[in-house]
Each structure stands twice: as C-alpha cells, then as structure tokens.
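The following exercises are to be worked with the sequence and the model side by side. Each task is followed by a solution in steps.

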Amino acid sequence: MARRRRLPRSFYRRDPLEVAPELIGALVEHDGRRARVVEVEAYRGTDDPASHAYRGPTPRTAVMFGPPGHLYVYLSYGMHWCANVVCGVDGVAGAVLLRAAAPEHGIEVMRRARPVARRDRDLASGPAKLCQAMGIDRRHDGADLVAADRGVTVTTDGWTPPVAPATSPRIGISAAADRPWRWYLPGDPNVSARPR
DNA sequence: CCGCCGATCTTT
DNA sequence: AAGATCGGCGGG
C-alpha cells in the first residue's frame, strides 16, 4: 500500500456532506494506534436540528464554529467521549462524527484501553468505542489534525473501498431523523450495530 | 442474535 | 428532562 500522507487543510474546508463519504477509508492515527474509518455521519449547523451547533455557538460547541481540520470531542450520555472532524469554512458550524473504524495497528494497545472487547471488531465499532480504543478524550477537543499538535491526525494511503459507501439516516437522533447523512462500508464487521 | 434497561453528567 | 452510547442480562 502507498505511503501514508496527512489530509491537508483544504480537504476539510468543504461542506461536511461532501467530506463525510470521502473520510470512509481514511486512517485515524494517535499514540501508536491506527484504524481505518468505516462509518461516519455529517452534522451541519444552524440548518440541522440534530446538530449540537443548531442553536448557535456555546462553550461546548465553540470548536465546531472554528477553523476546519480540528477535532470536536464531546461527552455523550455523561460517560462516553465521541470525536468529530470539523469541516467547512471558519465561522460556519459543520463536522463529521467518526462512528466506527477497523483496527489496523497498535491493536494490543487498543485491547488494553478496552478490556471489555472480546473480538477485534468490538474495539472501535461505535463512536465511543472508537475514542476509547484510540485513546481520544477531552484532552483532544480542539486538537489540530493537520498540525497533529496533540498527536491525533488523519491520513490516507490511497486505499479505496471495494464497494461504494452506503447511506442511511443518522443513528440515535430524533430530530431530522429522515436525512440520509450516515455513510458506512456495507458488510464491514466493524460498522456499528444497525439502528431500529 | 435480539430487546430491555441502568449508568452518569452536561446542557437546556 | 433529554441526550450524536454502551454493556450486561435474559430470552429465542
């Protein structure tokens, strides 16, 4: 496989709906760990009732309104960290939630970070599992993925999925539940459990 | 495999 | 009071 290169700022400076499907197959890297993205969701700002940014900027969502190529990390249900890639132009809220990934490197470290995982596909098959396996938490909110200033980055090695990513409604939301803004690799065992 | 439910805390 | 989730439990 080709040598890995970091995705440039220009990659992120586009609408999340455009960036999201292109993140399928990219690699998230942190602290000796590496995983290939197999599921994402796009969130926009003031026109997206499901977005944390829907009601305008707050201390929590400040990063979503900032420059693209940074990480927006939030606490879900009071106990799980989830990570988004901030997209779009500076000042306009937009992000892509990293929902699931296939572990590629540093799997022993991931297993120590997630002792409950019985199989490799339990390591990062969900947004909070992905963060736990990769060691991403509140310290990484606002991290610059292009500069890799806190060790987290996103790269590509030229790999393209054998099949086109499929779409579906976003998981776990009640507002704007009809928008097909989730992308995933059909048949990949690391994709999170299907919604009801 | 599937469905139910509690955990835990920030934001509204 | 709800929420961009997860894992343990019980049943099929």
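**Exercise 1. Locate Ala 148 and classify its environment and backbone.**

Solution. The model is a predicted one. Step 1: Ala 148 is found in the loop that runs between helix 4 (127-134) and strand 7 (153-156). Step 2: its relative accessible area is 18%. Step 3: the cut-off for a buried residue is under 20%, and Ala 148 is therefore classed as buried. Step 4: phi of Ala 148 is near 55°, a positive value in a residue other than glycine. Step 5: for comparison, most residues other than glycine have a negative phi.

**Exercise 2. Determine where Tyr 77 lies and whether it is buried or exposed.**

Solution. Step 1: Tyr 77 is placed in the loop between strand 4 (71-76) and strand 5 (80-86). Step 2: the relative accessibility of Tyr 77 is 72%. Step 3: exposed means over 50%, so Tyr 77 counts as exposed. Step 4: the backbone of Tyr 77 has a phi near 50°, again a positive value in a residue that is not glycine.

**Exercise 3. Describe the surroundings of Arg 36.**

Solution. Step 1: Arg 36 belongs to strand 3, which covers residues 33-43. Step 2: with a relative accessible area of 8%, Arg 36 is buried. Step 3: leaving aside residues up to four places away in sequence, the residues that Arg 36 touches include Gly 25, Ala 26 and Leu 27, as well as Ala 100, Ala 101 and Ala 102. Asp 157 and Trp 159 are also among them. Step 4: Glu 104 is another residue touched by Arg 36, and a polar contact of 3.4 Å joins the two side chains.

**Exercise 4. Summarise the fold of chain A and decide why it may be called compact.**

Solution. Step 1: chain A contains four helices and nine strands. Step 2: their order along the sequence is β-α-α-β-β-β-β-β-α-α-β-β-β. Step 3: the radius of gyration is 15 Å, close to the 16 Å given by the globule rule for 196 residues, so chain A is as compact as a globular protein of that length. Step 4: the C-alpha trace spans about 40 × 40 × 35 Å along its principal axes. Step 5: buried residues account for 54% of the 196 residues. Step 6: of the contacts between residues at least 6 apart in sequence, 60% join residues at least 24 apart.

**Exercise 5. State how many charged side chains of each sign chain A carries.**

Solution. Step 1: there are 29 positive and 21 negative side chains in chain A. Step 2: the centres of these two sets lie 4 Å apart.

How values were computed
Residues numbered from 1 in each chain as written. Chains lettered and ligands numbered in written order. Predicted model: local features only at pLDDT ≥ 70, side-chain atom pairs only at ≥ 80, totals over all residues. Heavy atoms only, no water. Helix = DSSP H or I, 4+ residues; strand = E, 2+ residues; numbered from the N terminus. Rg over C-alpha atoms; globule rule 2.2 N^0.38 Å. Buried < 20%, exposed > 50% of the residue type's maximum accessible area, 1.4 Å probe, protein only. Contact = heavy atoms within 4.5 Å. Lys, Arg positive; Asp, Glu negative; His and termini not counted. Charge placed at Lys NZ, Arg CZ, Asp CG, Glu CD. Polar contact = N/O pair within 3.5 Å; in protein donor to acceptor, adjacent residues only side chain to side chain.
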